Amino acid sequence: MIVMTEKKILIVYGTRYGATEGVAIKIAEIFRENNVLAEVVNLKEKSNFDNFEDYDGLIIGSSIKIGQWTRHVKNFVRNMRLEIQKFSGPFGFYVCSGYASQEEQYQKVKEEYIPDRLTEYGISISYYDAFGGIIDFSESSRMGWLEKKIMKIAGSQAAGLPVESEYTDLRDWDQIEKFALGYLELVKT
Ligand SMILES: Cc1cc2nc3c(=O)[nH]c(=O)nc-3n(C[C@H](O)[C@H](O)[C@H](O)COP(=O)(O)O)c2cc1C
């Protein structure tokens, strides 16, 4: 008798304004639609894992602010670097970043925010992508006044970021779906 065990993927993320969280939830939905179990964890709420032996796949997602991952993602990667290095399943990484949505910046920030950073922890990666983020100047924004100010200045310098609109979601859901489906291929083979 052949016993089919379900594949299980862990998606951990760090978010500031919600874009990275939304992407984690979307990726998990796509996995579940394809009969793969997905566990989604906000690293702010839980970050202690002994190892990743229970999982067939591991994806880390991070928000980018002033060129940096969130503190929780940094701590997680630092603390778990040996476990990540020896993890046998496919390892995926994504970021949500304002500049990733700008065609002329995309390739540069994708390399800078993911493989270049991971190298500092002795971790190599072959499956990763950079998605756009959320730029929210509305009353209900999670940005404080200083962050709004920084974003207005930095965003307008990086020509093309829509700093005049109240709320802009720069995530490309087709790109995100492609990332999730491509990852599933790696897990299933
Ligand atoms: C204060 C501030 C600084 C930011 N710095 C950067 C940056 O250096 N590079 C970038 O690509 N995007 C930058 N962004 C845009 C964020 O990456 C974007 O808002 C994204 O949605 C963040 O992910 P999150 O929503 O999961 O927190 C910045 C946004 C703010 C508010």
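Let me begin with a definition: a residue is called buried under 20% relative accessible area, exposed over 50%, and partly exposed in between, with a 1.4 Å probe and protein chains only. The structure above is a predicted model, in which local features need pLDDT of at least 70, side-chain atom pairs count only at pLDDT 80 or more, and totals for chains, interfaces and linings use all residues. Residues are numbered from 1 along each chain as its sequence is written, and side-chain values use heavy atoms, with hydrogens and water left out.

I turn to the interior. The largest nonpolar core (buried Ala, Val, Leu, Ile, Met, Phe, Trp, Tyr and Cys residues joined through side-chain atoms within 4.5 Å) has 30 residues, of which F52, F76 and F93 touch the most other members. Elements giving two or more residues to this core include β1 (8-14), α2 (71-79) and β5 (127-131); helices (H or I, at least four residues) and strands (E, at least two) are DSSP runs, numbered from the N terminus. Apart from this core lies another, of 24 residues, including A38, I59, F131 and V187.

Beyond its neighbours within four places in sequence, F76 is in contact (heavy atoms within 4.5 Å) with V12, L43, S47, F49, F52, I60 and I84.

Next, I11, which sits in strand β1. I11 counts as buried because its relative accessibility is 0%. Its C-alpha atom is separated by 5.9 Å from that of I60, although the two residues are 49 apart along the chain.

Finally, I150. This residue belongs to helix α6 (residues 145-157). With a relative accessible area of 38%, I150 is partly exposed.
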